[in-house]
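Q: Could you take me on a close look at one part of this model, the paired strands, and then show me what lies around them? I'd enjoy one connected walk-through.

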Amino acid sequence: KLVAERLRPGDISTHCFRGGVPWVDENNQLYDYLRRARARGVKFDVGHGGGSFIFRNAVPAIQQGFYPDTISTDLHTGSMNGTMMDLPTTMSKFLVMGMPLPEVVLRTTWNPAQIINHPEVGHLTIGAVADVAVLRVAAGDFAYRDAMNGRLRGTQRIFCELTLREGRIVWDLNSRSGTDYPKLGGKYGLKPG
């Protein structure tokens, strides 16, 4: 009733793929109330969290072209140590459900910035603050879980290799900013002792 009737244009329904909310009928088809809400201007946000994301709702939505407007994590200790883990893992779930990579990136960067009225972020144009995530899409055999312990297997996983915040490195998974040890020539500025 909330999404179908009460939310107004610009309102955000977060935790949109949570359990307990009907998304599909007995034929696995999306309920029309979701499309009507979107047509009214309601925005749908993932907000994965520790208990607010199930494949039973997400997979049919993605397969039927009903993508979330924004992909987010609802990061807290329970979710990061549970099935959500982090934003690249959440993004990976949408990739393996069939959403194209450009759509996954769009709904994780530009769309959220626009929806919350912060057009100065979420893009890499000249003059923008250098907030950059360098991502790598790895191929392999990966599995992902939802809040109901459902598992979905896939052949791709997104990893964040490097993150810049205002032009400074704040995350460096594979030490890309370091100097290779042999090139240092043993010169660390320390005296043997």
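A: Happy to! In this predicted model, strands β3 (residues 132-145) and β4 (residues 151-165) run antiparallel and are joined by twelve bridges. To find your place in the pairing, look for Y144, which stands opposite L152 in β4. Five residues lie between the two strands of this hairpin, and N149 has a positive phi there, near 70°.

Now step back along the chain from the hairpin. The loop between α7 (110-115) and β3 holds A128. Is A128 buried, or partly exposed? A128 counts as partly exposed because its relative accessibility is 24%, and the buried class takes only values under 20%. If you would like a distance to check, the C-alpha atoms of A128 and V42 are 28 Å apart, with 86 residues separating them along the chain.

Both strands also meet a helix, α5. Of the ten residues in α5, nine are buried, so this helix is mostly covered. Those buried residues are P88, T89, T90, M91, S92, K93, F94, L95 and V96. Their cover includes β3 and β4, along with α3 and α6 (101-106). After α5 comes G98, another residue to check on a backbone plot, with a positive phi near 115°.

From here the view widens to the largest nonpolar core, which has 33 residues; F17, W23, F44, F53, F94 and M97 touch the most other members. Strand β3 supplies at least two residues of this core, as do α2 (32-40), α3 (55-63) and α5 (87-96). The largest share is that of α3, with five residues.

W23 deserves a look of its own. Beyond its neighbours within four places in sequence, W23 is in contact with C16, F17, Q29, L30, Y31, L34, F44, N57, A61 and F66. W23 also brings us to the last stop, a cavity. The count gives one cavity of 30 Å³ or more, and the volume of the largest is about 40 Å³. W23 belongs to its lining, together with V3, S13, C16, R18, V21, L34 and F44. By class, that lining has six nonpolar residues, one polar and one charged.

So which names are worth keeping on screen as you go back over the model? For the hairpin, pick Y144 and its opposite number L152; for the covered helix, pick F94, one of the buried residues of α5; and for the cavity, pick W23 and F44, both among its lining residues.

Key:
Residues numbered from 1 in each chain as written. Predicted model: local features only at pLDDT ≥ 70, side-chain atom pairs only at ≥ 80, totals over all residues. Heavy atoms only, no water. 1 Å grid on protein atoms, 1.4 Å probe; cavity = no way out; pocket = protein on both sides within 12 Å on 5 of 7 lines; lining within 4 Å. Points joined across faces, edges and corners; volume = space filled by probe spheres on them. Nonpolar A, V, L, I, M, F, W, Y, C, P; charged D, E, K, R; others polar. Pairing = 2+ DSSP bridges. Helix = DSSP H or I, 4+ residues; strand = E, 2+ residues; numbered from the N terminus. Core = buried A, V, L, I, M, F, W, Y, C linked by side-chain atoms within 4.5 Å. Buried < 20%, exposed > 50% of the residue type's maximum accessible area, 1.4 Å probe, protein only. Contact = heavy atoms within 4.5 Å.
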